[in-house]
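Got the viewer open? Let's take a walk through this one, a stop at a time.

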Amino acid sequence: MLIILLTKDLPKSKLSTLRPLAVLVKELIINDIIKTNGGTCVEKDVLTDNISWITVDGKEKLATKNYVPGNNVYGEHLQLLGTVEFRVWDPFRSKLSASIINGLANIPFHAGSSVLYLGSSTGTTPSHVSDIVDKSGLLFCVEISSRVARDFIDNVATLRDNVIPIIEDARNIHAYTSIFRKIDSVYCDIAQPDQTDIAIKNCRRFLNLGGQLLLVIKSRSIDVTKSPQQIYKEEISKLESNNFSINQMINLHPFDKDHALVSAIMN
Ligand SMILES: C[S@@+](CC[C@H](N)C(=O)[O-])C[C@H]1O[C@@H](n2cnc3c(N)ncnc32)[C@H](O)[C@@H]1O
């Protein structure tokens, strides 16, 4: 508007010299609209599909693009950036968020990925994975507790058409009748003493060769008499002896005590 008022009486020859200035002013105005949202300055740095670092009130936060705008799952902050809504991803509530913040190099979830998630609980982390895989992806969520699974279905699965709940013990892989094809990646967070064996069994049955496993190890669920480092070493050697190559092990301190996440490829 300002540009039109200033230039409307100028001859055509002068207008062409002013055009680059007009483009610059337009870009500045658009940038300002994108970065300013209800008085809060928000900048975006895309990490991978649907995962970004955003700045909320001067603090850097990990966030996912909300697949169900307006809906939050566990009280997390929702932040508009232009027309796109993000859900802040709390590393104290989600071990996957903690792993990414602590340097997980290869996040195996992308728009369109298929994921088998063992131990979905009430859906804190699964809801963010659902954001990431988006409408062309699929997230199969296995949970043993029917009480917990009911909350998960009410608060997460019914609102997200890329989520398929499976109320089952992750040891009973033949009972997952809804999985109709091989999967791109497996996430396992079931806090059981035999969880590595369960994860391997699920990978062998459902994961594509070359697919990635993310395994959360809670050392105290395995053996309280051994040091966490000893437990991590033993669980990693179980994976290696079952033909998995270890990409990375991330310690989840300070977000979770005595927890690690192992990223491995199934050969
Ligand atoms: C630590 S919680 C998972 C938290 C969840 N991954 C998140 O980040 O939001 C572990 C979950 O695994 C479930 N679980 C334990 N043993 C299981 C099994 N054998 N099969 C399936 N789920 C199991 C528990 O009921 C519990 O809800």
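We start with the whole chain, move to the ligand, and finish with aromatic rings. One thing to keep in mind as you click: this is a predicted model.

**Stop 1: the whole protein.** Show everything as a cartoon and colour by secondary structure. You'll be looking at eight helices and 14 strands. Of the 267 residues, 47% count as buried. Switch on the surface, and the protein exposes about 13,300 Å², with carbon and sulfur atoms supplying 54% of that area. How do the contacts spread along the sequence? Taking contacts between residues at least 6 apart, 60% join residues that are at least 24 apart.

**Stop 2: the ligand shell.** Now select the ligand and bring up the residues around it. There are 16 of them, and the closest are Y117, T125, E143, A170 and Q192. Colour this shell by class and you get six charged, five polar and five nonpolar residues. Which helix gives the most to the shell? Select residues 124–133: that is helix α4, which contributes three residues, the most of any element.

**Stop 3: polar side chains at the ligand.** Zoom in and show side chains as sticks. Start with Q192, where an N or O atom of the side chain sits 2.8 Å from a nitrogen atom of the ligand. Next pick D169, which has a polar side-chain atom 2.9 Å from a ligand nitrogen. Then go to R171, whose side chain places an N or O atom 3.4 Å from a nitrogen atom of the ligand. While you're here, think about cover: the ligand taken alone exposes 610 Å², and the protein buries 85% of that.

**Stop 4: aromatic rings.** Hide the ligand and highlight the aromatic side chains. The whole structure holds five aromatic pairs. Select F92 and F255 for one to look at: their ring centres are 5.0 Å apart and their planes meet at 75°, so this pair is edge-to-face. The two partners come from distant parts of the chain, 163 residues apart. F92 is in the loop between β7 (84–88) and α3 (95–101), while F255 is in the loop between β13 (244–251) and β14 (259–266).

Are these two buried or exposed? F92 has 54% relative accessibility, so it counts as exposed. F255, at 16% relative accessible area, is buried.

**Last stop: an aromatic cluster.** Select F109, Y117 and Y187 together, and you have one aromatic cluster. Y117 should look familiar, as it was listed among the closest residues to the ligand.

Conventions: Residues are numbered from 1 along each chain as its sequence is written. This is a predicted model: local features need pLDDT of at least 70, side-chain atom pairs count only at pLDDT 80 or more; totals for chains, interfaces and linings use all residues. Side-chain values use heavy atoms; hydrogens and water are left out. A residue is near a molecule or strand if one of its heavy atoms lies within 4 Å of it. A polar contact is a pair of N or O atoms within 3.5 Å; within protein, one must be able to donate a hydrogen and the other to accept it, and residues adjacent in sequence count only if both atoms are side-chain atoms. Accessible areas come from the Shrake-Rupley method with a 1.4 Å probe; for residues, only the protein chains shown count as cover. Helices (H or I, at least four residues) and strands (E, at least two) are DSSP runs, numbered from the N terminus. Ala, Val, Leu, Ile, Met, Phe, Trp, Tyr, Cys and Pro count as nonpolar, Asp, Glu, Lys and Arg as charged, and the others, Gly among them, as polar. Buried means under 20% relative accessible area, exposed over 50%, partly exposed in between (1.4 Å probe, protein chains only). Contact means heavy atoms within 4.5 Å. Rings of Phe, Tyr and Trp (its six-membered ring) pair if their centres lie within 6.5 Å; planes under 30 degrees apart count as stacked, over 60 as edge-to-face and the rest as tilted.
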